[in-house]
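Student: I'm new to this one and would like a close look at just one part of it. Could you take me through that part slowly and show me how the rest fits around it?

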Amino acid sequence: MNYLSVENISKAYGERVLFDNVSFGINKDQKIAFIAKNGSGKTTIMNMITGSDEPDTGQIVLRKGINMAFCRKIITYKTN
């Protein structure tokens, strides 16, 4: 049984389509990774999964009783 189902989601900003008709599920104890070019929508998908953004089409269903969190990577550059 899926803990999370992403069903036919799409996202565009104006004429720029990040992704279209994306679907996948995540089951208990499963680990996933998004690997793609910069600007292709990886962070946008994570924002949708955690509820801080909405897809233009499709739906994201989180199984009842599941809590979702997203730990952003923060890069700090040290300059002299």
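Student: Let's take the helix, then: which residues in α1 are buried?

Tutor: Happy to. One thing to keep in mind from the start is that this is a predicted model. The buried residues in α1 are T44, I45, M46, N47, M48 and I49. That makes six of the helix's eight residues, so α1 is mostly covered, where buried means under 20% relative accessible area.

Before going further into the helix, let's place it in the chain. There is one helix, along with three strands, and reading along the sequence you meet them in the order β-β-α-β. So as you follow the chain, you pass two strands, then the helix, then one last strand. Across the chain as a whole, 22% of the 80 residues count as buried.

Now, what does the covering? Among the elements that cover the buried residues of α1 are β1, β2 and β3. β3 covers residues 57-62, while β1 takes in 2-13 and β2 takes in 16-27. The helix itself runs over 42-49.

Let's look at how those strands are put together. β1 and β2 run antiparallel and are joined by eight bridges. Two of the pairings are easy to find: V6 stands opposite F24 in β2, and K11 has F19 in β2 as its bridge partner. Between these two strands is a hairpin with two residues in the gap, and there G14 takes a positive phi near 65°. β1 also pairs with β3, again antiparallel, this time through five bridges. In that pairing, L4 stands opposite L62. So β1 has bridges to β2 and to β3, by the rule that two strands pair if at least two bridges are found between them.

Back to the helix and what it shares with the strands. The largest nonpolar core has ten residues: L4, V6, I9, L18, F19, I26, I45, M46, M48 and I49. β1, β2 and α1 are the elements that each give two or more residues to it, and α1 gives the most, with four. You can pick out some names you have just met: L4 and V6 belong to this core, and each also has a bridge partner, L62 for L4 and F24 for V6. F19, the partner of K11, is in the core as well.

If you want one helix residue to zoom in on, try I49. Leaving aside residues up to four places away in sequence, I49 touches L4, V6, F24, F34, I60 and M68. Notice that V6 and F24, which stand opposite each other in the β1 and β2 pairing, are both among the residues that I49 touches. For a wider view of such contacts, take those in the chain between residues at least 6 apart in sequence: 50% of them join residues at least 24 apart.

Next, the stretches on either side of the helix. After α1 comes G51, with a positive phi near 90°. On the other side, the loop between β2 and α1 holds D29, whose phi is near 65°, a positive value in a residue other than glycine. D29 is exposed, since its relative accessible area of 69% is over 50%. Another residue with a positive phi despite not being a glycine is N8, at about 55°. N8 sits in strand β1 and counts as partly exposed, at 41% relative accessibility.

One last stop, past the end of β3. K64 is found in the segment after that strand and is exposed, with a relative accessible area of 81%. Its C-alpha atom is separated by 9.7 Å from that of L4, although the two are 60 residues apart along the chain. L4, you'll recall, is one of the core residues and one of those I49 touches.

So, to come back to your question about the helix: six of the eight residues of α1 are buried, β1, β2 and β3 are among the elements that cover them, and α1 gives four residues to the largest nonpolar core, by the rule that such a core is made of buried residues joined through side-chain atoms.

How values were computed: Residues numbered from 1 in each chain as written. Predicted model: local features only at pLDDT ≥ 70, side-chain atom pairs only at ≥ 80, totals over all residues. Heavy atoms only, no water. Core = buried A, V, L, I, M, F, W, Y, C linked by side-chain atoms within 4.5 Å. Buried < 20%, exposed > 50% of the residue type's maximum accessible area, 1.4 Å probe, protein only. Contact = heavy atoms within 4.5 Å.
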